[in-house]
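Trainee: Before we go through this model, I would like to know what lies behind each descriptive word that is used for it. Could we take the words one by one?

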Amino acid sequence: MSVYLRLDRLGKEFGRGREKSVAIQDVSLDVAQGEFVALIGHSGCGKSTVLNLVAGLQEPTTGQVLLDGNRVAGPGADRAMVFQNYSLLPWLTVFDNVYQAVDAVFGNLMPRYRKHGVTERYLRMVSLWDHRTKRPSQLSGGMRQRVSIARAFAVQPRVLLLDEPFGALDALTKGSLHEELLHMWSSEAQRRPQTVLMVTHDIDEAIYLSDRIVVMGNGPAARVAEVIGVPLERPRDKRELMHDRTFLLIKERLLELLEEGFSKPTYQSEASAA
Amino acid sequence: MSKIATVTLSQVPARPASPLEAARPVSGSGAAVLAGLRMISAKAWRHGRSYAVSLLWGAASMSLLLAAWQVACLTIGKDLPTPLSTYHTLVELLSDPFNPDRNSLGIGLQLWESLRRVAVGFGLGSLIAIPLGVLMGASHVAKRLLDPISQILRPVSPLVWFPLALVAFKAAGGTASASLFTILITSLWPTVISTAFGVSSVPEDYRTVARVFQFSRDRYLLKVLIPHALPHILTGLRVSMGIAWLVIVATEMLSGGVGIGFFAWDSYNAGSYEKMVAAVVVIGVVGLLLDRVFDLLLRRAQRA
């Protein structure tokens with residue numbers, strides 16, 4: 001496997017002195033180009049911190065992030081992000097929410113009509129072109145997240161960072177967005193492979209979408225507990241997977257890992273109470 | 001809206017649609033036209049009704065005020081002009097609002113003079129207040145440096161600012177400058193504080209979006225900071241405007257000359273209390289209208 005994105009012994013501390021807390025410690029991971037990797041773990045395990053470090057929104061305390069051999073030193077157009085709470089600008093229309101990002105990233109590299117074209121292309125992909133003049137407040141949660149996904153794809157990043165993108169959506173909406181995401185990811189891949197790093201706490205989602213699943217241990221000072229490969233053929237069928245042996249084995253292992261982590265503190269607190 | 005209405009109306013005689021046809025959801029412009037008309041009239045009806053309701057509330061509110069006034073006249077203030085006598089005086093004053101005679105200058109001209117003064121003072125004040133607020137909201141250094149100054153200057157009464165300004169502007173414009181300065185310096189603060197808050201309170205999420213998607217400083221200003229801060233700035237301006245209008249009367253009482261505040265004071269000195277109270281009514285109503293204007297702007301900004 002040729003490494004494209006390398007997390008090299010990442011550590012992140014917040015605060016200093018007595019207030020100091022270690023969020024993650026010694027997190028290492030090699031991701032190949034075009035790979036879809038899910039980060040799973042309990043809340044507070046530093047999954048989002050890892051994502052923010054890759055995005056360049058935060059500086060690691062120790063270690064480094066290498067993208068195609070270059071050290072990440074801040075946000076860049078080669079990495080785009082989809083946020084759990086959509087983070088659309090409420091005063092801009094659907095079109096402008098995407099267009100402003102496209103315009104900011106491509107600037108003078110593209111004439112205006114091409115930037116319009118790119119915006120249209122991706123809004124059509126998420127079937128929101130007819131809603132382009134609306135504002136985010138006029139859309140449902142699922143539609144808002146689709147705008148956010150279109151925005152991230154439209155800047156044509158090499159790495160896509162998804163921070164619990166479907167966490168706030170109902171199961172049905174979530175399901176159709178999985179399809180849309182996979183469709184966009186694979187159709188982009190025909191032009192050039194796009195690497196995806198997704199934070200989630202939904203086990204089924206992680207298995208269905210990704211090639212590998214990174215299980216984070218519990219914080220503080222969380223580390224990578226285990227990395228599980230998902231050797232399922234694509235395209236995958238959700239209903240067939242329900243009965244697939246590999247799927248079930250992975251799911252069982254994930255549950256085991258996550259419940260282990262979950263029950264430990266409870267046990268400890270009971271012990272200390274006694 | 002009016003454009004749509006004229007288009008639809010011009011199309012109606014060209015293709016008269018039967019009710020049956022109109023009920024059918026599919027074909028033709030006729031159905032669409034009728035549906036459009038129905039929608040417009042429903043909207044007008046809803047609009048008209050809400051307008052009538054707010055008018056009714058307004059009337060109720062005014063009746064309450066007039067009743068309280070009347071009661072005050074009957075009980076404590078026997079010399080106080082009653083609503084009715086004030087009304088007569090007001091009508092008389094409004095019958096010749098632009099009388100240019102120096103000794104009985106029309107109330108419209110007095111009002112105009114005050115509005116002009118407020119506009120200049122408040123306008124200049126805003127030109128200082130908004131950038132100052134942006135600076136304080138964006139920079140910790142500016143905030144630390146300027147906040148104590150604003151806290152000290154803010155509670156100082158216009159009644160003190162005016163003589164102070166008279167001394168300061170002795171050589172440069174005298175009374176006129178002093179009035180303007182007094183309005184400016186007292187009405188500044190709500191806009192400064194509100195703008196600073198608006199600028200400093202841009203949600204972390206939006207700033208993150210701007211960073212992830214490589215927004216330049218100009219794009220951040222135009223597409224994130226200003227749209228977020230605008231309602232706060234307008235709220236500040238609205239309060240500032242209220243203060244400017246409040247202060248104008250005080251400064252005119254001190255400065256003399258022309259203006260609605262001076263008119264009230266002058267009428268009091270001349271013993272014509274009806275005129276004084278009529279002026280108070282005019283001041284109040286104009287204050288209300290000014291506030292409405294900013295309310296309207298604010299709503300538009302919030303809808304966008």
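Mentor: Let us begin with burial, for which a residue counts as buried if 20 or more other C-beta atoms lie within 10 Å of its own. Please keep in mind throughout that this is a predicted model.

Trainee: What makes helix α1 of chain A mostly covered?

Mentor: The helix spans residues 47-55, and nine of its nine residues are buried. They are Lys47(A), Ser48(A), Thr49(A), Val50(A), Leu51(A), Asn52(A), Leu53(A), Val54(A) and Ala55(A), and each is called buried because 20 or more other C-beta atoms lie within 10 Å of its own. Just after α1(A) comes Gly56(A), with a positive phi of about 85°.

Trainee: Why are both faces of strand β6 of chain A called covered?

Mentor: In this strand, residues 79-82, Arg79(A) and Met81(A) lie on one side and Ala80(A) and Val82(A) on the other, and all of them are buried. With buried residues on either side, both faces are described as covered.

Trainee: How do you know that β6(A) has a paired strand, and in which sense do the two run?

Mentor: Pairing asks for at least two bridges between two strands, and β6(A) shares four bridges, in the parallel sense, with strand β7, residues 159-163 of chain A. Within this pair, Val82(A) stands opposite Leu162(A) of β7(A).

Trainee: What makes β2 and β5 of chain A edge strands?

Mentor: The order in the open sheet is β2-β1-β4-β5, with antiparallel pairing. β2(A), residues 21-32, and β5(A), residues 70-71, each have a single partner strand, so one side of each is left without a neighbour in the sheet. The partnership between β4(A), residues 62-67, and β5(A) is antiparallel and rests on two bridges, which satisfies the requirement of at least two. Leu67(A) has Asn70(A) of β5(A) as its bridge partner.

Trainee: Turning to chain B, how many helices and strands does its secondary structure hold?

Mentor: Chain B comes to 12 helices and zero strands. Of its 304 residues, 29% are buried. As for its contacts between residues at least 6 apart in sequence, 68% join residues at least 24 apart.

Trainee: Why are α10(B) and α11(B) called oblique to each other?

Mentor: The general practice comes first: two packed helices are described by the angle between their axes and the distance between the axes. For α10(B) and α11(B), residues 260-269, the angle is about 55° and the axes are 7 Å apart. Angles under 35 degrees would count as roughly parallel and those of 65 to 115 as roughly perpendicular; an angle of about 55° belongs to neither class, and the two helices are therefore oblique. The crossing is right-handed. On the α10(B) side the contact is made by Ile248(B), Val249(B), Ala250(B), Glu252(B) and Met253(B), and on the α11(B) side by Gly261(B), Phe262(B), Ala264(B) and Trp265(B). By class, these residues are seven nonpolar, one polar and one charged.

Trainee: What makes α7(B) oblique to α10(B)?

Mentor: The axes of α7(B), residues 158-168, and α10(B) come within 10 Å and cross at roughly 50°, and that angle makes the pair oblique. Their crossing is right-handed. Pro158(B), Leu159(B) and Phe162(B) of α7(B) make the contact with Val247(B), Ala250(B), Thr251(B) and Leu254(B) of α10(B), and the classes here are six nonpolar, one polar and no charged residues.

Trainee: How do you know that α5(B) is oblique to α10(B)?

Mentor: The axes of α5(B), residues 107-138, and α10(B) cross at roughly 135° and come within 9 Å. Roughly antiparallel begins over 145 degrees and roughly perpendicular ends at 115, so roughly 135° leaves α5(B) oblique to α10(B). This crossing is right-handed. The residues that meet include Gly121(B) and Phe122(B) in α5(B) and Leu237(B) and Met241(B) in α10(B), and the contact divides into 10 nonpolar, five polar and two charged residues.

Trainee: Which helices of chain B each supply at least two residues of the side that touches chain A?

Mentor: In the interface, 15 residues of chain B are in contact with 17 residues of chain A. α9(B), residues 204-212, and α10(B), residues 217-255, each supply at least two residues of that side of chain B, and α9(B) gives the most, with six. The side as a whole divides into eight nonpolar, three polar and four charged residues.

Definitions and conventions: Residues are numbered from 1 along each chain as its sequence is written. Chains are lettered from A and ligands numbered from 1 in the order in which they are written. This is a predicted model: local features need pLDDT of at least 70, side-chain atom pairs count only at pLDDT 80 or more; totals for chains, interfaces and linings use all residues. Two residues are in contact if their C-beta atoms, placed from the backbone, lie within 7 Å. Ala, Val, Leu, Ile, Met, Phe, Trp, Tyr, Cys and Pro count as nonpolar, Asp, Glu, Lys and Arg as charged, and the others, Gly among them, as polar. A residue is buried if 20 or more other C-beta atoms lie within 10 Å of its own, exposed if 12 or fewer, and partly exposed in between; C-beta atoms are placed from the backbone. Axes are lines fitted to C-alpha atoms, for helices over the stretch in contact, and angles run from 0 to 180 degrees between N-to-C directions. A crossing is left-handed if the near helix is turned anticlockwise from the far one by less than a right angle, and right-handed if clockwise.
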